[in-house]
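Reader: Could you show me how to read a complex of two protein copies and DNA? I'd like to start with symmetry and then move on to the DNA.

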2 protein chains.
Amino acid sequence: MTLDEEQRKAVFQFFNEIGIIQQLASTMFNKCLPDGVHVSHFAVLNHLARLGDGKTPLTLAEAFQVTKGTMTHTLSTLSKRSFITLRPHATDGRSKLVFLTAAGREFQVRAVESLGPAMAALDGKLDYDRMIAMLPELAKVRAVLDENRDL
Amino acid sequence: MTLDEEQRKAVFQFFNEIGIIQQLASTMFNKCLPDGVHVSHFAVLNHLARLGDGKTPLTLAEAFQVTKGTMTHTLSTLSKRSFITLRPHATDGRSKLVFLTAAGREFQVRAVESLGPAMAALDGKLDYDRMIAMLPELAKVRAVLDENRDL
DNA sequence: CTTGACTAGTTTGATGTCGAGCTATATTTG
DNA sequence: CAAATATAGCTCGACATCAAACTAGTCAAG
């Protein structure tokens, strides 16, 4: 038995801390974002703007680790706001491709700017170097969880 | 301006990673927990079992960083399952105190056990020492976000 | 006292997410 | 080619959560 009581407690505490940070951060982002746009919507716009659009919904769902149904929902509200358009996939009739509209790109820029004040307020309090240093470790934890999703 | 483009990207990435880990972990826990009990319910039971019951709902809400309304909901479902009982506060007529029932304690033990197999499967893949080493840093980030909740 | 400000918990309505099942298209296999 | 299997996206019902408004009890100021 390699997993002793103390380690198990620590793992719980780790995930607990992660959960609370996520809660606080997303609440903060949600309050900053304009027009009642949820952070999950912003994340998709951001992803498309930074890494390029023309992705399939499934690709996006996997990138954000949400179900297909959730991504359908997210994309449909982004579409209702005319921030994206869905086009049929050229060679696969089942699939679609997601493209940013001009309004979508514009909104993404505006949304990033709207986060500025909050980020600035945290500046000097958050230790960026430490956070950056944690990134590889977090990515590793993420990878392990991802590989074992069927537990 | 101390927050340059690269740092801002890193901060985004940090919170993104956190969000995905939280997503994967809570999904995993939810699947392991018996009888359709949600991880948020388990967390409350666990808290009461480990740190002692007789807390007020507000205390619990603050401990888990959820709104009062959410805690009301969580406690009401725990109460419906007879895992807790709510008693009036002795000296403050507005308040209540949360107590574990025998069934609640029993369930908490069972729930912890039900997480065993998943934890065991992750054993050897997760680097506990690194996770433990991250705890203080995470707690610090949490504290900063907590202090600046009104941004 | 009594009034006004505050606090604990509840309620309400909206929304994000999940899981499971569905449809339509692709792909593989016999 | 036909049938079976797999995949992309959608739909549905359930549920956790939030924000904001509400109720009831407390406490302080005058």
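Author: Let's go through the symmetry first and the DNA surfaces after that. Keep in mind that this is a predicted model.

Reader: What rotation superposes chain B on chain A?

Author: To compare copies, you look for the turn and shift that lay one over the other. Here, a turn of 180 degrees with 0.0 Å of shift along its axis puts chain B on chain A, with an RMSD of 0.0 Å. The two copies are thus related as by a two-fold rotation axis.

Reader: Which residue of chain B comes closest to the rotation axis?

Author: That's Ile18(B), whose C-alpha sits 3.1 Å from the axis. Now look at where the chains touch: 100% of chain B's interface residues are interface residues in chain A too, so the copies meet through the same surface.

Reader: On to the DNA. Which residues come nearest to DNA strand D?

Author: For a strand, you list the residues around it and then ask which elements they belong to. DNA strand D has 25 residues around it, and the nearest are Leu58(A), Gly69(A), Gly69(B), Thr70(B) and Gly93(B). Helices 1, 3 and 4 of chain A and helix 4 of chain B each give two or more residues to this surface. Helix 4 of chain B has the largest share, five residues.

Reader: And how many residues surround DNA strand C?

Author: There are 24, with Gly69(A), Thr70(A), Gly93(A), Leu58(B) and Gly69(B) the closest. On this surface, helix 4 of chain A gives the largest share, five residues. By type, you'll find three nonpolar, 15 polar and six charged residues near DNA strand C.

Notes: Residues are numbered from 1 along each chain as its sequence is written. Chains are lettered from A and ligands numbered from 1 in the order in which they are written. This is a predicted model: local features need pLDDT of at least 70, side-chain atom pairs count only at pLDDT 80 or more; totals for chains, interfaces and linings use all residues. Copies are superposed by least squares on the C-alpha atoms of residues with pLDDT of at least 70 in both. Two residues are in contact if their C-beta atoms, placed from the backbone, lie within 7 Å. A residue is near a molecule or strand if its C-beta atom, placed from the backbone, lies within 6 Å of it. Helices (H or I, at least four residues) and strands (E, at least two) are DSSP runs, numbered from the N terminus. Ala, Val, Leu, Ile, Met, Phe, Trp, Tyr, Cys and Pro count as nonpolar, Asp, Glu, Lys and Arg as charged, and the others, Gly among them, as polar.
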